[in-house]
Amino acid sequence: MASVTSDIETPERGCPDGTPTAEDTEDTEDTTMTATLLDGELLAAKVRAEVTDRVARLRSAGVTVGLGTILVGDDGPSSRYVAMKHADCDDVGIRSAHEHLPADVSQAELEAVVARFNADPGIHAFLVQLPLPAGLDEERVLMAVDPDKDVDGLHPVNLGRLVMGANGPLPCTPAGIVELLHANDVPVEGKHVVVIGRGLTIGRPLALLLAMKRPGCNAAVTVVHTGVEDLAGLVRQGDVVVAAAGRAGLVTPDMVKPGAAVVGAGTSWEGKKLMSDVDESVAEVAGWITPRIGGVGPMTRAMLLRNAVRAAERSS
């Protein structure tokens, strides 16, 4: 299952995790910030180094970690996203397996490939890239994925494990956000976190994860959305604010408690410019903030690699 950064829609350009490609980005410079920068690129590099070490240890024990991708059709952003997954795998020593199917593939043919990946012991985790072309039943395809090989952590079985506090692959973007806050010593435990957005990929699983009694979490969590009254007043109560609604510039300085940590997890596009849910001027009020580029996106990709190596460790 593919990770998505918006609770409203998938960006029309760039990669589905919000990571821009060279041809999609006109401007990558952030304005001067007064808040502490939550640098996702820096932390993701450390996670990739950890994954590289774990992959090497498995290889020395005779296990080659394998991550699979299934792409249907020729959607540009989806193709670029899958290509970035394979590049990430090459960087950390994970073997890539890929199946590229035509847009007119039948439901049965697609499900047969999913079944083959489920049965292949050399593929420890995989994803079916979304969106699928019209006429294919996405829910049916995703339900066919073996939960133990669900690299995105969004299979209903794995979301159920999250609710129960049981071990299983965590949704990549929520896990990356928690790691980013924890690594930067942002106080979360016992604090009030406001999550803007209730989507399956970020808002709902992030709220569950942050409320759990575990290091870096154990917070009081409020989930809001763009349809509530006095959104600004509710957001202003948060010690930590995570915006995952897919509305450019939704969070403005007047909505933020001074010194709060603010994470822009939702993205959208204005022409060729990737836009965050958080207006850059929020840096003048916040204590910590993610950059418009290089915040949550790199962490999502790094967590996917970690999920893959964990799947290999469990299976071996």
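Helices (H or I, at least four residues) are DSSP runs, numbered from the N terminus. With that in hand, we can place Arg-314, which belongs to helix H9.

## The model as a whole

What you have in front of you is a predicted model. The protein contains 9 helices and 11 strands. Of its 316 residues, 54% are buried. Take the contacts between residues at least 6 apart in sequence: 74% of them join residues at least 24 apart.

How confident is the predictor? The average pLDDT is 90, and 90% of the residues score at least 70. Residues 22-26 have a pLDDT under 50, and the model gives them 13 contacts beyond four places in sequence. Residues 28-33 also have a pLDDT below 50, with 11 contacts in the model beyond near neighbours in sequence.

## The largest pocket

Next, look for the largest pocket, which has a volume of about 500 Å³. It is lined by 25 residues, and those closest to its centre are Gly-168, Leu-170, Leu-209, Arg-214 and Arg-310.

Which helices each supply at least two residues of the lining? They are helix H5 (156-164), helix H6 (172-183) and helix H9 (296-315). Sorted by class, the lining has 12 nonpolar, 6 polar and 7 charged residues.

## Two residues of helix H9

Helix H9 is worth a second visit, and Pro-298 is a good place to begin, as this residue lies in H9. Is Pro-298 buried or exposed? It counts as buried, because its relative accessibility of 7% is under the 20% cut-off. Beyond its neighbours within four places in sequence, Pro-298 is in contact with Gly-40, Glu-41 and Ala-44. Pro-298 and Ala-44 are 254 residues apart in sequence, yet their C-alpha atoms are 5.9 Å apart in space.

Now go to Arg-314, also in helix H9. Arg-314 has a relative accessible area of 44%, so it is partly exposed. Leaving aside neighbours within four places in sequence, its contacts are Asp-148 and Pro-169. A polar atom of the Arg-314 side chain lies 3.3 Å from the backbone oxygen of Asp-148. You can also compare Arg-314 with His-124: they are 190 residues apart along the chain, and 9.2 Å separates their C-alpha atoms.

## A buried serine in a strand

Ser-276 is part of strand E10 (residues 273-276). With a relative accessible area of 8%, Ser-276 is buried, because that value is under 20%. What does the side chain of Ser-276 reach at 3.0 Å? It reaches the backbone nitrogen of Val-278.

Ser-276 has other partners too. Apart from neighbours within four places in sequence, it is in contact with Arg-247, Ala-248, Gly-249, Gly-264, Gly-266 and Arg-292.

## Backbone exceptions in the loops

Most residues other than glycine have a negative phi, and most peptide bonds are trans. This model offers some exceptions for you to find. The peptide bond from Leu-130 to Pro-131 is cis, and its omega is near 5 degrees. Pro-131 sits in the loop between strand E4 (125-128) and helix H4 (138-143).

Two residues show a phi with a positive sign. Asp-185, which is not a glycine, has a positive phi near 55 degrees. Asp-185 is in the loop between H6 and strand E5 (192-196), and it counts as exposed because its relative accessibility is 65%. Asn-218 has a positive phi of about 55 degrees, although it is not a glycine either. Asn-218 belongs to the loop between helix H7 (203-211) and strand E6 (220-224). Its relative accessibility is 32%, so Asn-218 counts as partly exposed.

## A glycine between two strands

Where is Gly-259 found? It is in the loop between strand E7 (240-243) and strand E8 (261-264). At 37% relative accessibility, Gly-259 is partly exposed, because the value falls between the cut-offs of 20% and 50%.

Setting aside neighbours within four places in sequence, Gly-259 is in contact with Val-285, Ala-286, Gly-287 and Trp-288. Gly-259 and Ala-283 are 24 residues apart along the chain, and their C-alpha atoms are separated by 9.6 Å.

Technical notes
Residues numbered from 1 in each chain as written. Predicted model: local features only at pLDDT ≥ 70, side-chain atom pairs only at ≥ 80, totals over all residues. Heavy atoms only, no water. pLDDT = per-residue confidence, 0-100. Contact = heavy atoms within 4.5 Å. 1 Å grid on protein atoms, 1.4 Å probe; cavity = no way out; pocket = protein on both sides within 12 Å on 5 of 7 lines; lining within 4 Å. Points joined across faces, edges and corners; volume = space filled by probe spheres on them. Nonpolar A, V, L, I, M, F, W, Y, C, P; charged D, E, K, R; others polar. Buried < 20%, exposed > 50% of the residue type's maximum accessible area, 1.4 Å probe, protein only. Polar contact = N/O pair within 3.5 Å; in protein donor to acceptor, adjacent residues only side chain to side chain.
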